[in-house]
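Q: I have a structure to read and do not know where to begin. Could we go through some of its sheets and helices in turn?

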Amino acid sequence: MIGMEQLVSLCKRRGFIFPSSEIYGGFQSTYDYGPLGTLLKNNIKAAWWRAVVQERFDMEPLDASILMHPRVWEASGHVAVFNDPLVDCKACQGRFRADHVWYVEAVRGDQSASYAIDAGEPDEAEAKAREKYQIGKRFEVRLQPMLVDAAEGTPHICPNCGATDSFTEPRAFNMMFRTEVGAVAGSIAYLRPETAQGIFVNYDNVLTTMRRKLPFGIAQVGKAFRNEIVTGNFTFRTREFEQMEIEYFCWPEDGARLHQEWIDARLGWYQRYGISADNLDLYEHPDAKRSHYSTRTVDIMYRFPMGFSELEGIANRTDFDLTQHGEYSGHTLDYFETKTERRVVPHVIEPSAGVDRAVLAFLTEAYEEEQLTNQKGQADNRTVLRFHPALAPVKAAVMPLARNRQELVDAAMDLAGQLKPHFTTQYDDTGSIGRLYRRQDEIGTLYCITVDHQTVDDDGQVTIRDRDTMEQIRLPREEVLGWLQERITT
Ligand SMILES: [Zn+2]
């Protein structure tokens, strides 16, 4: 399995993902998708749209704006929460209130030892420290605030992992990026921290214009922004990211069943596009970790290079969001069934996936290093990205066997030109065929098509090489398009 450093290096070398603003030294864990990364990401989003909207009867697409009325974020709870000064430990990613971290000294005569503890009050801090570090009764415990109103020179120790000087600066923590709108100062807006709210505020618009009945859902793909204190693991946690979110509106009594159906559907989607079941897992949120309004939240976990981590979260949000927006906007968001004269605030199932995490997962899954034996009987390696045909950034590469013979170049260009309207096709004559094959394997190109002397002098046939099996067949060039179309599935 690929390591994180290897993955980062492959992404850079082959044009999938670059550090943002790289010529200025990069910027704050932001990343740019290069030519192949752009194609891969677009293919992943297209595969998602296909599965969650096009192939279903009960879903509608939406593309809401990033800037929204600031009251939206009051209703959603994003403004109110997170106003305490927090610090994060860069070593263990533990998060603490800055005024709750204590430096602890246990002293007895000339014996002493120092620790750190997090607690609200000094008494609590002492009791907690005595228990955690098994400080004997005969030792005196001296406490000093570590981060807020701390004496000069107080050591910074993480209460969780014991790392020293690993804290971020304390800050009033609101993860939303603030900005001002228009020329008048004081008109505050936020970059959306999730795409979901754009769906909730359009619930009624979609319901009425599309003449929907419960259950139905709305899907959206778009950028979201969170001012995370700790970022990391390449594109796994960044401050600017892209989401693929669904809000599925249903009768309250159907919520639990539909939640499970969405978990199964989304797990199936990752497998349909090549993720093996062995590398997927489900994490059931315990009560304490779940938002108060959610009755059940399940994360789809993927075995990333750094270990199993969240790929997609699927929550049963009950009627929380529509109720909140109803109250804050004064525009009641409910559903009325004429036949039964029943009126409810629909419950909501929310499958929320990260596009960037999906890109990382599909890249990780596709990566393989193969041990081969070449024609001279020597050991040889090849790196291949075994993307699903629908996700592969490049479907076909056409190459002339010799670039110094114009007829071959013309015939190869002509064939590539015929394929281009149908799928992403590269023309490449920048190296020997063996070298070009390896380069195409390393970006996951499905088929390499070689135009040789025989093609132009004799039978008009070309060689098609399969990425996975490396088997080659000969085919008349006018049959290539149809042959590829049968094999490049969606
Ligand atoms: Zn720590």
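**Reading sheets and a helix**

A: Begin with the order of strands in a sheet. In this predicted model, an open sheet of 3 strands is ordered β5-β4-β9, and its pairing is antiparallel.

Q: Which strands are the edge strands?

A: An edge strand pairs on one side only; here these are β5 (95–97) and β9 (171–172). Strand β4 (residues 85–88) is joined to β9 by 2 bridges. P85 has A172 in β9 as its bridge partner.

Q: Which residues of helix α8 are buried?

A: Residues count as buried if 20 or more other C-beta atoms lie within 10 Å of their own. In α8 (residues 320–329), D321, L322 and H325 are buried. Viewed down the axis of α8, the buried residues fall within an arc of 95 degrees, so they line one face of the helix. They pack against α3 (71–75), α5 (196–200), α6 (203–209), β16 (307–318) and β19 (347–354). After α8 comes G330, with a positive phi near 75 degrees.

Q: What is the strand order in the sheet with mixed pairing?

A: That open sheet has 5 strands, in the order β23-β22-β24-β25-β26. Its edge strands are β23 (425–427) and β26 (472–476). On average, neighbouring strands are turned by 25 degrees against each other, direction ignored.

Q: In which sense do β22 and β24 pair?

A: Strands β22 (residues 396–400) and β24 (residues 447–451) pair in the parallel sense, over 5 bridges. A397 has C448 in β24 as its bridge partner.

Q: Which helix packs on this sheet?

A: Helix α10 (residues 406–419) does, touching β22, β23, β24 and β25 (461–466). The direction of α10 makes about 165 degrees with that of β22.

Note on methods: Residues are numbered from 1 along each chain as its sequence is written. This is a predicted model: local features need pLDDT of at least 70, side-chain atom pairs count only at pLDDT 80 or more; totals for chains, interfaces and linings use all residues. Two strands pair if DSSP finds at least two bridges between them. Helices (H or I, at least four residues) and strands (E, at least two) are DSSP runs, numbered from the N terminus. A residue is buried if 20 or more other C-beta atoms lie within 10 Å of its own, exposed if 12 or fewer, and partly exposed in between; C-beta atoms are placed from the backbone. The arc is that of the directions from the helix axis to the C-beta atoms. Two residues are in contact if their C-beta atoms, placed from the backbone, lie within 7 Å. Axes are lines fitted to C-alpha atoms, for helices over the stretch in contact, and angles run from 0 to 180 degrees between N-to-C directions.
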